[in-house]
Amino acid sequence: MSDGQLATRLNDALASLESVPVAKVTGRLVKVTGLMLQAVGCRFKLEQRCLVETDNGVMTEAQVVGFDHHTAYLMPIRQLGGLFAGAKVIPLQESSTVQISFDWIGRIVNGLGEPLDDGPPLDRGDWLSLDPSPINPLKRRPVDTPLDVGVRAINGLLTLGKGQRVGLMAGSGVGKSVLMGMITKNTSADVIVVGLIGERGREVREFIERSLGPEGMQKAIVIAAPADESPLMRLRATKLCHRVAEYFRDQGKDVLLLMDSLTRYAMAQREIALSLGEPPASRGYPPSVFSLLPQLLERAGNGEHPDGSLTAIYTVLADGDDQLDPVVDSARAILDGHVVLSRTLAEQGHYPAIDINASISRCMNSCTQSSHVTVANQFRQLNANYQQVKELLPLGGYQAGQDPELDQAVTMQPALKAYLQQGIEERSDYVTSLTQLAELFSPSQPQGINGGQ
């Protein structure tokens, strides 16, 4: 054999090595306790995605949530069965990504981005990581422009700015979902991302058909992970909500993110942390819950893009109407304001049941005119004065003419109450809300505060 032939055969042999499949390192399943899986046999990384073998040969996806020496703790993304001792566990090298495009608008998906509405697959767009790098706080665009949400009480007295993050604090059954539906249909935002996290399965369809309706769905994206989904799926759906909202914000759109609810997200993280053996700290919540909340909530808000904005409204469930619940208290400290819904008002048929004096918008001063803030504070003062004498009126314990401020509060109460109430199908834009607020105090000059944009 000549030297040329030998060199040719050697080159062919070396080239063939590229087509030889490389062996995959796999682990094995050694223990299952509740939703927690334990695997050994290979190197696992925290938050790494894995495929776990089942008895019917189907590989199901799980994620590494912790480890102890050589044992990795995994949790399935979907509810699963058919596990057996020694099942293969194959670690995946690629990170959690999602393909997002404008085709998502008007669609209903789960936490994996899979359609739930029998529509075509969402397989076009940009591949993005679910965990982007945090934004430099010095590069964030400030909150200085009001956002019209179409609800008179919020537009006039709790004005929200583009890029603000607000909590909707309420117990169960006081109108959170209805108020979210009103905002979704009436807001001036370009894109609305609705996250239904950990709620009842039947409420997903009810919210879409009754609260949103065809009008609201035209510019909305609904991401649903009901209560029967795994804790990991609920966490993933929450991250997906924020990633989708961030994508459209970075495209220069004004985005409104509505997430129902932040409490269910905290509960999902609590399930995972307790399964890993983390001790409960405050009313059953482990410390990791309160360290993850700011990481999630700081993803909302304005970015570096000069045009786009991301305003977020999170519902926070106050069990037993307890405003000192640890999740409620932590969210109140992190967010840029809170809207409290009152069960007392709801029982009186007062909708939306917003307790104006218990609510606040911390960005209102920076995105409205001073004349607007002055009138809004005057409204709140009158409402607070009326609450002081409200119990005395039926008993005849209040005598008019002794305190001019209380007299004015009692006289104007019907007008104040009418301003705070609004029908489900009624829309009150930002300028109209401010004009009606001005008319309460200066009927001859209704145009006094209709600026601010």
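A salt bridge here is a side-chain nitrogen of Lys or Arg within 4 Å of a carboxyl oxygen of Asp or Glu. By that rule, three salt bridges cross the interface of domain 2 and domain 3. Welcome to this structure, which is a predicted model. Let us begin with the whole chain and then come back to that interface.

**The chain as a whole**

The chain has 453 residues, and 51% of them are buried. Its secondary structure consists of 13 helices and 18 strands. If you follow the C-alpha trace along its principal axes, it spans about 115 × 45 × 40 Å. Among the contacts in the chain with a separation of 6 or more, 71% are between residues 24 or more positions apart.

The domain assignment divides the chain into domain 1 (27–91), domain 2 (97–366) and domain 3 (373–440).

**Where domain 2 meets domain 3**

The centres of domain 2 and domain 3, taken over C-alpha atoms, are 30 Å apart. Contact between the two involves 25 residues of domain 2 and 25 residues of domain 3. Together they bury about 2,300 Å² between them, with 50% of that area on carbon and sulfur atoms. Which three residues supply more than any other three of the area that domain 2 buries against domain 3? They are Arg152, Leu157 and Asn357, and they supply 32% of it.

Now back to the salt bridges and other polar links. Asp148 forms a salt bridge with Arg427, and their closest N and O atoms are 3.2 Å apart. The rule for polar contacts finds 15 residue pairs across the interface of domain 2 and domain 3, with both residues at pLDDT 80 or more.

Which helices help to build the side of domain 2 that touches domain 3? At least two residues each come from α2 (152–157), α3 (176–186) and α10 (364–367). The largest share of this side comes from α2, with five residues. By residue type, the side of domain 2 that touches domain 3 divides into 11 nonpolar, 11 polar and three charged residues.

**Backbone details in the loops**

A few places in the backbone are worth a visit. Two of them are cis peptide bonds, shown in the table with the loop that holds the second residue of each pair.

| Cis peptide bond | Omega | Loop of the second residue |
|---|---|---|
| Asp260 to Ser261 | about 10 degrees | Ser261: between β15 (254–260) and α6 (262–275) |
| Tyr351 to Pro352 | near -10 degrees | Pro352: between α9 (343–347) and β18 (360–361) |

Next, look at Asp118, which has a positive phi of about 60 degrees although it is not a glycine. You will find Asp118 in the loop between β8 (108–109) and β9 (126–129). Is Asp118 buried or exposed? Asp118 counts as exposed because its relative accessibility is 78%, and the cut-off for exposed is over 50%.

Arg283 is another residue that is not a glycine yet has a positive phi, here about 50 degrees. Arg283 lies in the loop between α6 and α7 (287–297). With a relative accessible area of 55%, Arg283 is exposed.

**A route through the model**

For a tour of your own, you could start at Asp148 and its salt bridge with Arg427. From there, move to α2, the source of five residues on the side of domain 2 that touches domain 3. You could then finish at the cis peptide bond between Tyr351 and Pro352.

Terms used:
Residues are numbered from 1 along each chain as its sequence is written. This is a predicted model: local features need pLDDT of at least 70, side-chain atom pairs count only at pLDDT 80 or more; totals for chains, interfaces and linings use all residues. Side-chain values use heavy atoms; hydrogens and water are left out. Domain bounds come from an automatic or database domain assignment. Contact means heavy atoms within 4.5 Å. Buried area is the accessible area (1.4 Å probe) that two parts lose on being put together, summed over both. A polar contact is a pair of N or O atoms within 3.5 Å; within protein, one must be able to donate a hydrogen and the other to accept it, and residues adjacent in sequence count only if both atoms are side-chain atoms. Helices (H or I, at least four residues) and strands (E, at least two) are DSSP runs, numbered from the N terminus. Ala, Val, Leu, Ile, Met, Phe, Trp, Tyr, Cys and Pro count as nonpolar, Asp, Glu, Lys and Arg as charged, and the others, Gly among them, as polar. Buried means under 20% relative accessible area, exposed over 50%, partly exposed in between (1.4 Å probe, protein chains only).
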